[in-house]
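Me: I should like a close look at one part of the model shown below, set within an account of the chain around it. Please keep the reasoning explicit wherever a classification depends on a cut-off.

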Amino acid sequence: MKIKNRYCYWMGAFLIIVLIWQFGVVSGGRKFRELDSKIVRKEKALKEVRDLQSEYLRVKKTVEEMRKSLDGRREDYTPLSFLEKLSQQLGVGYELTYREPRELSGEKMYMESSVGVEFKGISMGELTTYLYRVENSSEFLRVGNLHVSPREDGLLRVSFEVSTLIPVCER
C-alpha cells in the first residue's frame, strides 16, 4: 500500500512537472518569441512613421515658403516680363504669347498663368541654358509641352509653355 501511494505521488508530481513545463515554460517561451517578433514589426512601423513625418514636415516647409513667395508678388504678375528679359540676355529670337490665367481643379487660392514661347531658330546650347534658367529661377516657373524639331540649317524650332501660380484676387 505504501508503495502504491508513493508511486501515485511520484506519478502526480511527474504529471504536475510535465504540465508546468508544457504550459509554463514552453508556451511562455513561444509567447516571448511572438512578442519579440511583434516588437521588431512595431519598431519597423515606427521608423516608417517617423520617416513619413520628417518628409511631411519638409514638404510642408517648402509649401509654406512657396506660398509666402507667391503671395508676395504683385497682383498683375505674369511670367511674360521675366521670359522677355531672359531672352534678351541670351540674345535669342523669340515669340511669346500670353494666355489668360485658368483655374486649377481643386485649388481655390491660386490660378495658373502661362505663356507660350516659340523659338524659330535656336541652338541646343542656347536652349539648354534658357530652360535651365527658367526652371531654376526664383519665380517658381514650370516648363511644359516642350516640342523640339530640327531645321535644315542645324538650328532647332522649339515651342513650349511656361506656367506659374498666381494668387486669386478676392472679388
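The reply below concerns the hairpin of β3 and β4, with serine 163 as its focus, and then turns to the rest of the chain.

Reply: The model is a predicted one, and the confidence values are a suitable place to begin. The mean pLDDT of the chain is 79, with 80% of the residues reaching 70 or more. Among the elements, strand β3 (residues 142–150) has the highest mean pLDDT, at 88, whereas strand β1 (residues 95–103) has the lowest, at 61. The part under examination thus includes the element with the highest mean value.

Strand β3 is joined to strand β4 (residues 156–167) by 7 bridges, and the two strands run antiparallel. Together β3 and β4 form a hairpin, with 5 residues between them. Within that turn, glycine 154 has a positive phi of about 90 degrees.

One bridge of this pairing leads to the residue of interest: arginine 142 has serine 163 as its bridge partner in β4. Is serine 163 buried or exposed? Its relative accessible area is 3%; because the limit for a buried residue is under 20%, serine 163 counts as buried. The surroundings of serine 163 may be described through its contacts. With neighbours within four places in sequence left aside, serine 163 is in contact with Glu112, Ser113, Ser114, Phe140, Leu141 and Arg142. Arg142 therefore appears both among these contacts and as the bridge partner of serine 163. As a general point, side chains in a regular strand alternate between the two faces of the sheet.

The chain as a whole provides the context. It contains 3 helices and 4 strands, arranged along the sequence in the pattern α-α-β-β-α-β-β. Of its 171 residues, 22% count as buried, and serine 163 is itself a buried residue. Among contacts between residues at least 6 apart in sequence, 63% join residues at least 24 apart. The accessible surface comes to about 13,300 Å², and carbon and sulfur atoms account for 58% of that area.

Helix α1 (residues 2–71) offers a view of the surface. Leucine 15 lies in this helix, and Leu15, Leu19 and Phe23 make a nonpolar surface patch of about 330 Å².

A search of the whole structure finds 4 salt bridges. In general, side chains of opposite charge can pair when their charged atoms come close. In one of these salt bridges, the side chains of lysine 47 and aspartate 51 meet at 3.1 Å, N to O. Lysine 47 and aspartate 51 are 4 residues apart in helix α1, which means that about one helical turn separates them. Lysine 47 is exposed, at 53% relative accessibility, while aspartate 51 is partly exposed, at 40%.

Another salt bridge joins arginine 58 and glutamate 55, at 2.6 Å, N to O. These residues are 3 apart in helix α1, so about one helical turn lies between them. Arginine 58 is partly exposed, with a relative accessible area of 48%, and glutamate 55 is likewise partly exposed, at 38%.

A further salt bridge is formed by lysine 120 and glutamate 118, whose closest N and O atoms are 3.3 Å apart. Lysine 120 is partly exposed, at 43%, and glutamate 118 is partly exposed, at 26%.

Conventions
Residues are numbered from 1 along each chain as its sequence is written. Side-chain values use heavy atoms; hydrogens and water are left out. Patches are made of residues with over 30% relative accessible area and no salt bridge: like charges are joined within 9 Å, nonpolar side chains (Val, Leu, Ile, Met, Phe, Trp, Tyr) within 5 Å. Accessible areas come from the Shrake-Rupley method with a 1.4 Å probe; for residues, only the protein chains shown count as cover. Buried means under 20% relative accessible area, exposed over 50%, partly exposed in between (1.4 Å probe, protein chains only). Contact means heavy atoms within 4.5 Å. pLDDT is the predictor's confidence in each residue, from 0 to 100. Two strands pair if DSSP finds at least two bridges between them.
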